[in-house]
Amino acid sequence: MSLLSVRNLRIYYSSSRGIVKAVDGVTFDIEREETLGIVGESGCGKSTLAMGLLDILPPSANISGEIILDGENILEKEKEYLRKIRHEKVALIFQDPMTRLDPLMKIKDHFLETFRSHKRDVKEEEALRIAGNLMNSVGLSPEVLDYYPHELSGGMRQRAMIALALVFNPQLLIADEPTTSLDVIVEAQILQLMNKIKKEFHMSIILITHNLGIVAEMADRVAVMYAGKIVEIGSLADIFTRPLHPYTRGLLGSVITLESRELVTMPGEPPDLINPPKGCRFAPRCPYAIEMCMNSEPSLQEAVKGHSVACFRALELMEERDILYRGDIAEKAD
Amino acid sequence: MAERKGSLRSYILSRIILAIPMLLIIITFVFFIMRVAPGDPVAAMLGPHAPLAYKEKLREELGLTLPLYQQYLNYLAQVFTLNLGSSLTTGDSVATDIFVYYFPATLELTIFSTIVALGVGIPLGKIAAVKRDKKADVVIRLFGIIIYALPIYWFGFMLQLLFGYYLGIFPTGGRLSPGITPPPHITGLYTIDSLLTGNISTFLDALWHLALPSITLGLILSGVFIRTIRVNMLNTLQSDYVQAARARGVDEKEVINRHAYRNALVPVVTIMGMEIALLFAGAVLTETTYSFKGMGYLLVWSIQNRDYTMVQGAVIVYSIIIILFSGIIDIINAYIDPRIRY
Amino acid sequence: MDEDNKRLMDYIKRKFMVNWLFGPLFREGKNTSAILVWVGFFILLFFIIIAVFAPFIAPYNPLKPAPGAPSFAPPSLKYPMGTDLLGYDLYSRVIWGSRIPLEVSALSIAFSLIVGMPVGLISGFIGGKIDRVLVMVMDSIYAFPGLILAIVMTALLGPGLINVAISIAVVYIPLYFRTVRNHTLSVKQELYVESGRAIGATKLQLITSFIAPNVILTVPVLISLNAADAILTEASLSFLGLGIPPLTPDWGREISDGSYYLQQAPWLAFFPGIFIVLLVVALSLIGEGLNDIVNPLIKRRESL
């Protein structure tokens, strides 16, 4: 049984302009001790998905579908159960560690508060001892517990956030763009740290990012999101060497390669999530779109074992792969 | 950590240095209004039909015949030695009158009013934010708008009418009941002095007389706090750290009280700083309404009785108090919120 | 400056002032801020009508006792707000009394605008030492309790409508100065002002055709927020017996006069106060509503 199975998850926001379909029918599984990378451009619904998995969405959001954790659909459970799940089984770390810690509370108070909310019987000294050990394992001195957030650097804060996430040894760590606001050297350190703690704590990780380089370094499997949907999901090798969806190819083409040293960009913009196009959401930007793509929506189908894609022309294109790979979209951009 | 204390000390120092030119500017502005701007203080004092010789004599007495720069220097000397001359009506020393009798009364009133304003404004603002756009929010916001629109004296009279005349719960004026002797002068604040001398019945009587004036002024000022706390808390409720706390499975009650509420309270001290002017202006009207013998009462009385030196003295003391208080508030603020100093 | 720039300025004026300021008021759909503004606006209109047509609305001469009226008559059909000791009809006095507050606050706002706005514009535009000194002076005045300043000034200037208006204006000049100056600073940085400089507009032209029209955007909000305060200040001065000559019908003075008979005839203090509260609430609603509508627009534009 998978650790977490998400089935047909929909998250709609009501706004003054209409309903924003931020996440629209997302389905995926994550196994134990596996790292799943979720990639996509900003605004594709990645972060909403992360918050949806913990059900901490703002009141304007409406969530439906199934989130099955350890065999239980958590969306059917009462609030208190959900609250316990958060952090004890699934922990979340965020993009911007600068603003995620309460400025008026010392680091240690964040730990103590978390213990208080989940395990009342743990004594303060015991909690502080655990916190100190965790600080050691994320490479911070336990003295940092006595600091206020504004006294720490960005990298230190993210380390502290990770230590905080490990308090109850969760089975799943969701990391939403964990290194985006950090500089490159700190980014490498944090990624290394995440790999280390993953092994130490036997966790699964969902790594949400727009950065393909990070995915390549960290992930076992990769899901590609576009406009609220997963358009392709497969193993790291599959996605990087045999991408099937034209959008994935475009994304891979967007990476600066050593040979060309120039950034190839995709033409067009992601669609408006209030009025998405009728057919395939990528069709207006897709170099291979045919009439069918404009009218009906492709569903996520397994093309090869363990590699699914939502594209009518995937099989056709797979055969032409050698010719089309990477060069095609660049051509179109000219 | 020693470094942090050092930066606080330098902040306080720079704040004090800033206060000096501000005080000079206000003091000069007061001089300008009272001596240079159109409007003859002597005529204002004696009325238009006073004999000319009389006017000249008074002018001489007040030093108004000297050249302007000399008047200004005399004036500055007066301010910095706090030798504010003597009252034209009673002959008492202006400085003694103000600092011994009138200022402590105003201080007492403003302290109790601030307690009422905070005690009403903060919880209401919090409720409004938590119940955003629900009935409670709408009612509280409306209360905030209307209470701020009330003329203080009118609101005071209505409270006098209700609690004083109809219900007979509170006295409608004065600082103590007739027949009760004021406590020996230590601070000038009757509540504190009576407590210090262990005179409980005088303490209760002073408190009883403070009730209506403080409620009047406090409620009117609470509107500002309701508004700011509500807005601040709406912001903190949507802040990243609140979302992060929810993601950690922190109890919703703790999320609201510990994270959202505490952070929303940080700017309260700043608002209090901005409210000081409003507080003292409001105190003038409240004191007049309740015949509460504070500085505002003194100011209006002196104007009505054409006591020029007393008016000038009161305005100078007001300037000093305002600068002093806003400086103190800034320093408290820097102490509470470490981020200010960075 | 050539034609194109004039057209650009016209466009900005039309687009930003008319549309952005008043557009949301007419837009359909649920918009609480717009409703607030409308409610406030109609109450204000009501008071303006009362003030203008006072001679036709008031049943009795406010300056003479109503013929045959008893003293301290409680409110009735004949005397809707009762009568005072000498048999003056309070209703007539309150109707006439709406004139002074409206006139004085309009005048005082005009005075403080005339002084505060150009000084703020120039100070913000020039910058440097002059700006810093002006800001310091204005901030210091602003820190001082406005009412106390107004009380002292009216006492020295003596009674009279203009004198009261001047006293109140002095209190609010720093407010206009500050807002206009800060806005000037931010507008100064904007691209189209830079382009104006590039096509060789003189400093005066820059201020009058590029900066001022944009800065003026903030003024309506400021005025409506400030008007509520000005009404309260005027009423407070009259309550204290300053400024407005005795016997003139004026709300603040009516409250003060009525307060002596609070037990015998509570209506005398009650009704004028209700009128003050209504007018101040109306102006606050306009101010708050406009603020909600205009502020995000201005912010949005500045971020463009």
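Of the two pairs of chains that touch in this predicted model, chains B and C share the most contacts. Chains A and C, by contrast, do not touch; the nearest C-alpha atoms of these two chains are 10 Å apart.

A good place to begin is the contact between chains B and C. Chain B contributes 38 residues and chain C contributes 36 residues. On the side of chain B that touches chain C, several helices supply at least two residues each: helix 1, helix 2, helix 6 (135–149), helix 7 (152–166), helix 12 (268–289), helix 13 (295–304) and helix 14 (308–336). Helix 1 of chain B provides the largest share of this side, with seven residues. In character, the side of chain B that touches chain C divides into 32 nonpolar and six polar residues, with no charged ones.

Chain B itself can be looked at next. Its residues fall into domain 1 (12–79) and domain 2 (95–341), and the C-alpha centres of these two domains of chain B lie 32 Å apart. Where the two domains meet, 15 residues of domain 1 of chain B and 11 residues of domain 2 of chain B take part in the contact. On the domain 1 side, the elements that give two or more residues are helix 1 (2–36) and helix 2 (41–46) of chain B. Helix 1 of chain B gives the most here, with 10 residues. The domain 1 side of this contact is made up of 14 nonpolar residues and one charged residue, with no polar ones. Helix 1 of chain B thus appears in both settings: it gives residues to the side of domain 1 that touches domain 2, and helix 1 of chain B also gives residues to the side of chain B that touches chain C.

A word on confidence is useful for chain B. The mean pLDDT of this chain is 86, and 94% of its residues reach 70 or more. Over residues 1–5 of chain B, however, the pLDDT is below 50. Beyond near neighbours in sequence, that stretch of chain B has one contact in the model.

Chain C, the partner of chain B in the contact described above, has 13 helices and zero strands. Read from the N terminus on, its elements run α-α-α-α-α-α-α-α-α-α-α-α-α. Of the 304 residues in chain C, 46% are buried. Among the contacts in chain C with a separation of 6 or more, 70% are between residues 24 or more positions apart.

Chain A offers a view of paired strands, with strand 9 (residues 221–226) as a helpful landmark. Strand 9 of chain A is mostly covered, with six of its six residues buried. Arg221(A), Ala223(A) and Met225(A) lie on one side of this strand and Val222(A), Val224(A) and Tyr226(A) on the other, and both faces are covered.

Strand 9 of chain A has partners of two kinds. With strand 3 (residues 35–39) of chain A, strand 9 pairs in the parallel sense over four bridges, and Ile38(A) stands opposite Ala223(A). With strand 10 (residues 229–235) of chain A, strand 9 pairs in the antiparallel sense over six bridges; here Val222(A) has Gly234(A) as its bridge partner. Strands 9 and 10 of chain A form a hairpin, with two residues between them. In the turn of this hairpin, Ala227(A) has a positive phi of about 50°.

Terms used. Residues numbered from 1 in each chain as written. Chains lettered and ligands numbered in written order. Predicted model: local features only at pLDDT ≥ 70, side-chain atom pairs only at ≥ 80, totals over all residues. Domains from an automatic or database assignment. Contact = placed C-beta atoms within 7 Å. Nonpolar A, V, L, I, M, F, W, Y, C, P; charged D, E, K, R; others polar. Buried ≥ 20, exposed ≤ 12 C-beta atoms within 10 Å, placed from the backbone. Pairing = 2+ DSSP bridges. pLDDT = per-residue confidence, 0-100.
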